[in-house]
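Okay, everyone, thanks for coming. Let me put today's protein up on the screen, and then we'll walk through it together.

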Amino acid sequence: MSIDGITGLDHLVIATRDLDASRDAYSRLGFTVTPRGHHTQLKSANHTILFPTGTYLELLGIEEQRPANAHYAAFLRKREGIAAIALKTPDARAAAGPLAAAGFPTAESVDFGRPVELPEGTRDAGFTITQIDPAATPAGHVFLCQHHTPELVWRPDKFEHANSAIGLEALVIAAADPDAVAATYARLLGGTVADRGAARVVEPGQPGDGQVPVMVATPDRLQWAWTADPAFATPLPFFAGFVVRIADPVKAQQALQKSKLPTVVSGGVMRVNSPGASGAMIAFAQDFDLNALIP
């Protein structure tokens, strides 16, 4: 059973030193990237990549270093990539108690917003986030994200992608001890751990939007999918990348070929290494088969 107040994965935060370059890279990969937003209080800026399944990617850059964005500044001093994952919640403050009781202490919740340009004018999208103590979540930073104005974030006119992406299929974690890391995320997300030979997979405990599996494997196994990726020099464990579900493999392959970014295609899975995607390893697949990704 999931911790009360957590309903799945909301989005992945991909921190970048050059937000313009990241926007261009993800556009080249065939994603529809939203216009730049600015987090007024946090002094950060972002672009989002939205999926109709209720999840999204956030490309995040720092405009001015502040205590509120210290985690991302520290992360970017070392590398680019998935710096945090956000979990869905209807009430970020109310979830703090159940999290602490389950062994996941939290910081004080924070309210913030960002202006959104709409045809009828500018409106402010509002959020409340609750940070989980990083010591409790191996692999990276995890926080709860409550959307007060979801209609301003999930824009149906931004759901269509040239690569035919329709949702996040899995979060990928590189770890020396997959059993221990998978057990922690199963407890946090309310899922069960499946032994897939070379990997452990935290399978969602319930169906619905945001219910994304978490795949944990050792770098030597992930190397099969993302050969010689420089991100494997990162201390373990870390959020290595993600799998995107596509509706049309032909469209996806055409978009990736057009991007001119190195792509490996095998077993129905298309893979892009982290240098082409702001530090995140990406796999594209229509029917996700873990054995095709990591045999």
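Before I point at anything, one bit of vocabulary: when I say helix or strand, I mean a DSSP run, with at least four residues of type H or I for a helix and at least two of type E for a strand, numbered from the N terminus. With that, we can place Gln211, which sits in the loop between S11 and strand S12 (214–217).

Now the small print. This is a predicted model, so local features need a pLDDT of at least 70 and side-chain atom pairs count only at pLDDT 80 or more, while totals for chains, interfaces and linings use all residues. Residues are numbered from 1 along each chain as its sequence is written, and side-chain values use heavy atoms, with hydrogens and water left out.

Back to Gln211, then. Is Gln211 buried or exposed? I call a residue buried under 20% relative accessible area, exposed over 50%, and partly exposed in between, using a 1.4 Å probe and protein chains only. Gln211 comes out at 18%, so it is buried. What does Gln211 touch, if we skip residues up to four places away in sequence? Thr7, Gly8, Pro204, Gly205 and Gln206, where contact means heavy atoms within 4.5 Å. With Thr7, a polar atom of the Gln211 side chain lies 2.5 Å from the backbone oxygen of Thr7.

Let's zoom out. The chain is divided into domain 1 (8–158) and domain 2 (165–293), and those bounds come from an automatic or database domain assignment. Taken over C-alpha atoms, the centres of the two domains are 20 Å apart. Domain 1 puts 39 residues into the contact, and domain 2 puts in 37.

How much area do the two domains bury between them? About 2,900 Å², with 70% of it on carbon and sulfur atoms. Buried area here is the accessible area (1.4 Å probe) that two parts lose on being put together, summed over both. On the domain 1 side, Arg28, Leu29 and Ala139 supply 22% of the area buried against domain 2, more than any other three residues.

What about charges across that interface? The count of salt bridges between the domains is zero. There are, however, eight residue pairs in polar contact across it, both residues at pLDDT 80 or more. A polar contact is a pair of N or O atoms within 3.5 Å; within protein, one must be able to donate a hydrogen and the other to accept it, and residues adjacent in sequence count only if both atoms are side-chain atoms. Which element gives the most to the side of domain 1 that touches domain 2? That's S5, with six residues.

Next, the core. A nonpolar core is a set of buried Ala, Val, Leu, Ile, Met, Phe, Trp, Tyr and Cys residues joined through side-chain atoms within 4.5 Å. The largest one here has 54 residues, and Tyr26, Ile85, Tyr185, Leu188 and Phe242 touch the most other members. Helix H5 (residues 178–189) gives the most to this core, six residues. Both domains give residues to this core, so it lies between them.

Now for salt bridges inside the structure, 12 in total. The rule is a side-chain nitrogen of Lys or Arg within 4 Å of a carboxyl oxygen of Asp or Glu. One of them joins Asp179 and Arg200, with the closest N and O atoms 2.7 Å apart. This pair links distant parts of the chain: Asp179 is in helix H5 and Arg200 is in strand S11 (residues 199–203), 21 residues apart. Asp179 is partly exposed at 45%, whereas Arg200 is buried at 17%.

Another salt bridge brings together Arg123 and Glu151, at 3.5 Å from N to O. Those two are 28 residues apart, with Arg123 in strand S7 (residues 121–131) and Glu151 in helix H4 (residues 150–153). Here both partners are partly exposed: Arg123 at 38% and Glu151 at 43%. There's also a network of salt bridges linking Asp20, Arg23, Asp24 and Arg36.

Last stop: Thr34, in the loop between H1 and strand S2 (37–39). Thr34 is buried, at 12%, and its side chain makes a polar contact of 2.8 Å with the side chain of Thr48. Okay, that's my tour, so over to you.
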